[in-house]
Each structure stands twice: as C-alpha cells, then as structure tokens.
Amino acid sequence: AVAGAAAAELRSRPLPRVCLGHNGPVRGCAFSPSGDRIASASLDGTVRVWSAASGEELLNIAEREGLFCVCYSPDGGHLLTGSHDTTAGLWNSVTGASVVTYHGHSSTVYAAAFGPAESQLVATASWDGTAVVWPVMGGEPVAVFRGHTQDVNGVDIGGGGHGFAVVTGADDSTARVWDCATGQGLVVLEGHAKAILSVQFDHSSTKVLTGSADRTAGLW
C-alpha cells in the first residue's frame, strides 16, 4: 500500500523538475543523505550539485575529463567521482574543493562507492579489469582485486564490525565477492548471460543484487 501510494503521487506530479546546465550526457546522479541536494556527473567533465527543492544549481566542480559516476559519503560531506582520465576524486560537497585524487588505475574509473561510515574506505572499479579499495583520505591502496577477465563496471563495499567485503561486477558476466582485508576472492557469482553493469549489497551485507545487459537482475 505504501509503494502504491508513492507511485500514485509520482504519477500525479505535472512535470519533472529539470536541472539544466550540463553540456554532455549525465552518467551518474545521487541524492545527498539528507535528501535536500542532488549531485550529477557528466561526460562534460563536471559534477554539479543542485537544490532538490528548486532545481537551482548550487555548485559546479570542473574535472579534467568526462565523469562516469558520483556518490555522496554517508555523512553527506563529500562526493566521490570516477573519471575517464583513470582517476577517482574526493570533493568537499559544500565548497567543491578537491580533497583527494586516487591514482592507480590504467583505464576509465567507471564506478565508485563509499564503504559504511565506520570503514573509512572507498572503492573504485575500472575498465582496466581491477577494483581497488582506498583509505577515504588517501594513501596507498588497502587492496587491489584482480580476477575479472574484462572491464569492471560495478563495485560496492559492505560489512561491519567483523570485517568488510567488496562486490564487483564485470563484462565477463560474473560478479565476485572479495575479502577487503586480504584482497582474496571469496565467491564467484555465475549465471548471467551478458555483462554485469551494476552491483550492490543489501543493508545487512548478506545479499548481493546484480544488474546485467542480459535484461535481468539477480539476487544472490
């Protein structure tokens, strides 16, 4: 009933709120944890922050090359982006100041994710076939995950007090779960017929959701 009411409310709205300003395709977008701001990442090389209430542009962060993804930190204070220039970036979500640039991939960083707040970690997935976990405030990688045979399109970090895990999805049609501390593979999830384009842990980190080019979503 709750879902039905929400859908009815969406259908009753006369027009969507449009955030105008990008000069290229928007490849990623995210709500802030408070819900009052929206971030969008574009191939025009910018990430922009908008008022969710009015659609007004509040911030324009210029990157060097096209951006493929953006997400908010759990506390809303930072934005994480992935770029065609092989880097990921951490930004102050209020001022737009650059905080950290993560160097280490050799191809486009297609996906990025914050870990749970207590982890103080971020993860990046790249078309170089790897995923990397980094300390959120920069430094040497915590772990580099190698095992996919093609581009890695999705990444997420889950877990809690007993350790953290990473899930990745790739063009090789598999998803893989890894131990964040050791970098070792824990399980390979096979069943999709085409590339896996997105992955996510549930809130308990006991289930994985995958989205595939084979037109299916998988719950594992």
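Visitor: What share of the contacts in the protein chain, counting those with a separation of 6 or more, comes from residues 24 or more positions apart?
Guide: In this predicted model, residues 24 or more positions apart account for 37% of the contacts in the protein chain that have a separation of 6 or more. The chain that makes these contacts has one helix and 19 strands.

Visitor: How do you know whether the radius of gyration agrees with that of a compact globule?
Guide: A compact globule with 220 residues would have a radius of gyration near 17 Å, and because the protein chain has 17 Å, the value agrees with that expectation. Along its principal axes, the C-alpha trace spans about 50 × 45 × 35 Å, and buried residues make up 49% of the 220 residues.

Visitor: Why is Ser93 called buried or exposed?
Guide: Ser93 has a relative accessibility of 4%, and the word buried applies under 20%, so Ser93 counts as buried. Ser93 lies in the loop between β7 (88-92) and β8 (98-102), where it touches, among others, Arg37, Val49, Tyr72 and His78.

Visitor: What makes the pairing of Ser93 with the backbone oxygen of Gly76 a polar contact?
Guide: A polar atom of the Ser93 side chain lies 2.7 Å from the backbone oxygen of Gly76, and because the limit for such a pair is within 3.5 Å, the distance meets it.

Visitor: Why is Gln120 called partly exposed, and Arg215 exposed?
Guide: Gln120 has 48% relative accessibility, and so counts as partly exposed, since that class lies between under 20% and over 50%. Arg215, with a relative accessible area of 82%, is therefore exposed, as that word applies over 50%. Gln120 is placed in the loop between β9 (109-114) and β10 (121-126), while Arg215 lies in the loop between β18 (208-212) and β19 (217-219). Gln120 has a positive phi of about 55° although it is not a glycine, and Arg215, also a residue other than glycine, has a positive phi near 75°.

Visitor: What makes up the lining of the largest pocket, by class?
Guide: The largest pocket has a volume of about 960 Å³, and of the 39 residues that line it, the closest to its centre are Cys71, Ala113, Phe114, Asp156 and Gln200. By class, the lining has 23 nonpolar, 13 polar and three charged residues. Several strands each supply at least two lining residues, including β1 (26-31), β5 (67-72) and β17 (196-201), and β13 gives the most, with seven residues.

Terms used. Residues numbered from 1 in each chain as written. Predicted model: local features only at pLDDT ≥ 70, side-chain atom pairs only at ≥ 80, totals over all residues. Heavy atoms only, no water. Helix = DSSP H or I, 4+ residues; strand = E, 2+ residues; numbered from the N terminus. Buried < 20%, exposed > 50% of the residue type's maximum accessible area, 1.4 Å probe, protein only. Polar contact = N/O pair within 3.5 Å; in protein donor to acceptor, adjacent residues only side chain to side chain. Contact = heavy atoms within 4.5 Å. 1 Å grid on protein atoms, 1.4 Å probe; cavity = no way out; pocket = protein on both sides within 12 Å on 5 of 7 lines; lining within 4 Å. Points joined across faces, edges and corners; volume = space filled by probe spheres on them. Nonpolar A, V, L, I, M, F, W, Y, C, P; charged D, E, K, R; others polar. Rg over C-alpha atoms; globule rule 2.2 N^0.38 Å. Lists of a residue's contacts leave out its neighbours within four places in sequence.
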